[in-house]
Amino acid sequence: NTSLLMNLTKNLIVPDGSMRSSTLKLICTIMEKFQAINIPRIINECKIIEQIPLTLQNGRALTARIRSMGEEFTKTEPTEINTNIFLKHLFGLLTVRFAPVWEGIREILPSIYKKNAPLTWNLFSTFLSANDSNHILAYPDDIMEDETDELLWDSRVSRLANILKNFSLTW
């Protein structure tokens, strides 16, 4: 069962929050039902972080939770499964494009990487070499073509609308 849990931890690195959340729930279920292990607090904290919406109102709460999770992790005796779950989850969170999450992780990494330095460096390497092509913005090529009748700008303020219209006709 430990090898099954270790295989499941690979899902915690992916840039999909629902996959990470579902994986954490499955790991907890396997630990409780099949291994009769109490769920470590650090894993429950990971589950809670995945459930918090990524909004500006929750930014400080997320950063604070990540900090406290790091402090909790430094105090615990590292097991292979807990270390893998926690570190892989952190690197999965780094795929989230939300500054408060990055800030919290940046603050705790110096104090936690020692728990499993080879895994941390392996995750860094994987993170830095990951393909980011799905986030490339595609701009339309024909936006400034000549003789287009398409109105690119509009305004409800009549004076500004007239200026924009005149400008687009002279352009």
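A residue counts as exposed when its relative accessible area is over 50%, as buried when that area is under 20%, and as partly exposed in between. Keep those cut-offs in mind for the legends below, which all show a predicted model.

**Figure 1. Trp121 and Phe124 pair up on helix H7.** Tryptophan 121 comes in at 54% relative accessibility, so it lands on the exposed side of the cut-off. Its partner, phenylalanine 124, has a relative accessible area of 25% and is therefore partly exposed. The structure holds 6 aromatic pairs. In the pair shown here, the ring centres of tryptophan 121 and phenylalanine 124 are 5.4 Å apart and the planes make an angle of 35°, which gives a tilted arrangement. Both residues sit in helix H7 (residues 117-129), 3 residues apart, or about one turn of the helix. An α-helix has 3.6 residues a turn, so residues three or four places apart point the same way. Zoom out a bit and the two rings turn out to belong to one aromatic cluster, made up of Phe91, Trp102, Tyr113, Trp121, Phe124 and Phe127.

**Figure 2. Threonine 120 is tucked away in helix H7.** Threonine 120 is also found in H7. With a relative accessible area of just 1%, threonine 120 is well under the 20% cut-off and so counts as buried. What does threonine 120 touch, leaving aside its neighbours within four places in sequence? The contacts are Leu87, Phe91 and Tyr113. Two of these residues, Phe91 and Tyr113, also appear in the aromatic cluster. Lysine 88 is 32 residues away from threonine 120 in sequence, yet the C-alpha atoms of the two are 8.5 Å apart in space.

**Figure 3. Phenylalanine 86 sits in the largest nonpolar core.** This core has 36 residues, and those touching the most other members are Met31, Ile43, Ile85, Phe86, Leu90, Ile105 and Ile112. Helices H1 (2-8), H2 (17-34), H3 (41-51), H4 (59-75), H5 (80-93), H6 (99-112) and H7 each give two or more residues to the core. The largest share, 7 residues, comes from H5. Setting aside neighbours within four places in sequence, phenylalanine 86 is in contact with Ile42, Cys46, Met69, Gly70, Phe73, Ile108 and Ile112. One of those contacts, Phe73, has something else going on: lysine 115 lies over the face of the phenylalanine 73 ring, at 5.7 Å from its centre.

**Figure 4. Methionine 31 on helix H2.** Methionine 31 has its place in helix H2. Its relative accessibility is 2%, so methionine 31 counts as buried. Which residues does methionine 31 touch, not counting those up to four places away in sequence? They are Leu5, Ala36, Ile37, Ile39, Pro40, Ile43, Ile81, Asn82 and Ile85. Ile43 and Ile85 are, like methionine 31, among the core residues that touch the most other members. Threonine 2 is 29 residues away along the chain, with 9.5 Å between its C-alpha atom and that of methionine 31.

**Figure 5. Threonine 23, also on helix H2.** Threonine 23 is another H2 residue. At 4% relative accessibility, threonine 23 counts as buried. Apart from residues up to four places away in sequence, threonine 23 touches Leu8, Asn11 and Leu12. Lysine 47 lies 24 residues away along the chain, and 9.4 Å separates its C-alpha atom from that of threonine 23.

**Figure 6. The buried face of helix H3.** The buried residues of H3 are Ile42, Ile43, Glu45, Cys46, Ile49 and Glu50. Looking down the axis of H3, these buried residues fall within an arc of 155°, so they line one face of the helix. And what covers them? The cover includes H2, H4 and H5. Phenylalanine 86 makes contact with two residues listed here, Ile42 and Cys46.

**Figure 7. The whole chain, for orientation.** The secondary structure comes to 8 helices and 0 strands. Of the 171 residues in the chain, 33% are buried. The chain exposes about 11,600 Å², and carbon and sulfur atoms supply 55% of that area. Take the contacts between residues at least 6 apart in sequence: 63% of these join residues at least 24 apart.

How values were computed
Residues numbered from 1 in each chain as written. Predicted model: local features only at pLDDT ≥ 70, side-chain atom pairs only at ≥ 80, totals over all residues. Heavy atoms only, no water. Phe/Tyr/Trp six-rings, centres within 6.5 Å; stacked < 30°, edge-to-face > 60°. Helix = DSSP H or I, 4+ residues; strand = E, 2+ residues; numbered from the N terminus. Buried < 20%, exposed > 50% of the residue type's maximum accessible area, 1.4 Å probe, protein only. Lys NZ or Arg CZ within 6 Å of the ring centre and 35° of its normal. Core = buried A, V, L, I, M, F, W, Y, C linked by side-chain atoms within 4.5 Å. Contact = heavy atoms within 4.5 Å. Arc of directions from axis to C-beta. Areas by Shrake-Rupley, 256 points an atom, 1.4 Å probe, with all protein chains shown as cover.
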